[in-house]
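Visitor: Could you take me on a close look at the open and enclosed spaces of this protein, starting with the pocket? I would like to hear what surrounds each one.

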Amino acid sequence: MAEAEAAKLPIIDLCSSDSISTANSIRQACVDYGFFYLVNHGVEEELLARVFEESRKFFSLPLAAKMNLLRKENRGYAPFYAENLDPSSRSKGDSKESFHIGPLEKSCLNQWPSQELLPSWRPTMESYYCKVLSAGKRLISLIALALNLDKDYFEKIGALDKPESFLRVLHYPETFVISGELGNSEEEIFGASAHSDYGMITLLVTDGVPGLQVCREKFNEPRTWENVIHRNGAFIVNIGDMMERWTNCLFRSTLHRVMPTGQERYSLAFFLEPNVECIVQCLESCCSESSPPRFAPIRSGDYLKERFRLTYGS
């Protein structure tokens with residue numbers, strides 16, 4: 001297989017004083033790639049370092065301690081192979097473990113490691129969650145401008161009123177064959193098999209270990225994959241299927257995957273999702289007589305619930 005080339009992703013400055021120029025750059029990025037780097041997002045390097053440190057502490061706990069926090073209501077610990085992001089073509093789940101944290105105002109649903117085990121885990125994760133949510137909301141206002149809408153459009157329709165956003169703390173092991181379990185498997189093993197994200201936008205940051213690849217043309221065979229290069233201090237942002245649906249496929253929800261590199265890898269994925277009651281229907285600026293709406297309106301919560309059912313049901 002040919003070596004993947006590096007993706008030439010644009011860099012978007014969240015603190016730029018020229019919001020129109022920034023919106024135009026975002027539009028171009030979302031039409032061409034569905035992925036871009038986000039800099040000057042307001043999340044301090046020091047906080048990021050602490051979140052990664054807490055991640056390492058949690059995932060190095062004995063399995064029994066992690067299984068006490070097993071995923072419920074899409075919150076808590078998901079062990080290796082629990083998630084299959086490509087159930088149509090793969091029988092085996094992905095070689096990663098993760099921890100899910102949902103909206104903080106519904107904190108009774110969130111699960112947390114005990115303070116005795118990890119005293120700094122919860123305050124560190126909550127602080128990070130709030131910072132990334134704030135950056136995501138600022139970015140959404142620029143995305144609204146990029147779609148020729150008022151910058152507060154998504155606030156006005158209630159999408160960002162109690163958004164259903166999730167933070168996923170992810171760990172990919174150094175070796176992808178665990179206890180010989182996959183010794184006889186014919187299937188290639190992935191950290192995360194090929195998928196597009198489900199929601200509005202995802203803000204991802206990694207520890208710098210490579211592995212993330214994108215495929216711009218998801219309907220082409222064979223697929224062409226490009227490596228996403230790490231940029232210190234930058235988020236990697238991508239458009240989700242719900243935003244693709246909202247924009248009538250103007251903005252692309254791009255296939256991506258995580259490949260094994262022989263190195264342990266940590267990442268933090270923040271999925272900014274609308275309020276569960278928000279109706280996702282084709283934006284007026286994205287349809288016309290020649291380009292009618294391709295999707296029926298749907299309640300955001302119903303759409304996401306079905307996508308999670310397919311992912312974890314297998």
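**Pocket, cavities and core**

Guide: Happy to, and let us begin with the largest pocket, which holds about 530 Å³ of space. Please keep in mind that this is a predicted model. Of the 21 residues lining the pocket, Ser196, Lys218, Asp241, Leu255 and Arg307 are the closest to its centre. If you trace the wall by secondary structure, you will find that strand 7 (192–195), helix 6 (241–246) and helix 7 (300–313) each give at least two residues to it. Helix 7 makes the largest contribution, with 4 residues. By class, this lining is a mixture of 9 nonpolar, 5 polar and 7 charged residues.

Now for the enclosed spaces. There are 4 cavities of 30 Å³ or more in the structure. The largest of these cavities has a volume of about 380 Å³. It is lined by 27 residues, and the ones closest to its centre are Arg168, His195, Asp197, Ala269 and Phe271. Strands do much of the work here: strand 6 (166–172), strand 7, strand 8 (201–206), strand 12 (255–258) and strand 13 (265–272) are the elements that supply two or more residues to the lining. You may recognise strand 7, since it also gives at least two residues to the lining of the largest pocket. Sorted by class, the cavity lining comprises 13 nonpolar, 8 polar and 6 charged residues.

The second largest cavity has a volume of about 40 Å³. Around it you will find Thr206, Val209, Pro210, Leu212, Val228, His230, Ile236 and Arg265. That set divides into 5 nonpolar, 2 polar and 1 charged residues.

To finish, let us turn from spaces to packing. In soluble globular proteins, nonpolar side chains tend to be buried together. Here, the largest nonpolar core counts 85 residues, and Tyr128, Phe154 and Trp246 have the most contacts inside it. Helix 4 (residues 121–146) provides the largest share of this core, with 13 residues. Phe154 is a good residue to centre your view on: setting aside neighbours within four places in sequence, it is in contact with Ile140, Ala144, Leu147, Ala159, Leu160, Met200, Met243 and Trp246. Two of the residues with the most contacts inside the core, Phe154 and Trp246, are therefore also partners of one another, as heavy atoms within 4.5 Å count as a contact.

Note on methods:
Residues numbered from 1 in each chain as written. Predicted model: local features only at pLDDT ≥ 70, side-chain atom pairs only at ≥ 80, totals over all residues. Heavy atoms only, no water. Core = buried A, V, L, I, M, F, W, Y, C linked by side-chain atoms within 4.5 Å. Buried < 20%, exposed > 50% of the residue type's maximum accessible area, 1.4 Å probe, protein only. 1 Å grid on protein atoms, 1.4 Å probe; cavity = no way out; pocket = protein on both sides within 12 Å on 5 of 7 lines; lining within 4 Å. Points joined across faces, edges and corners; volume = space filled by probe spheres on them. Nonpolar A, V, L, I, M, F, W, Y, C, P; charged D, E, K, R; others polar.
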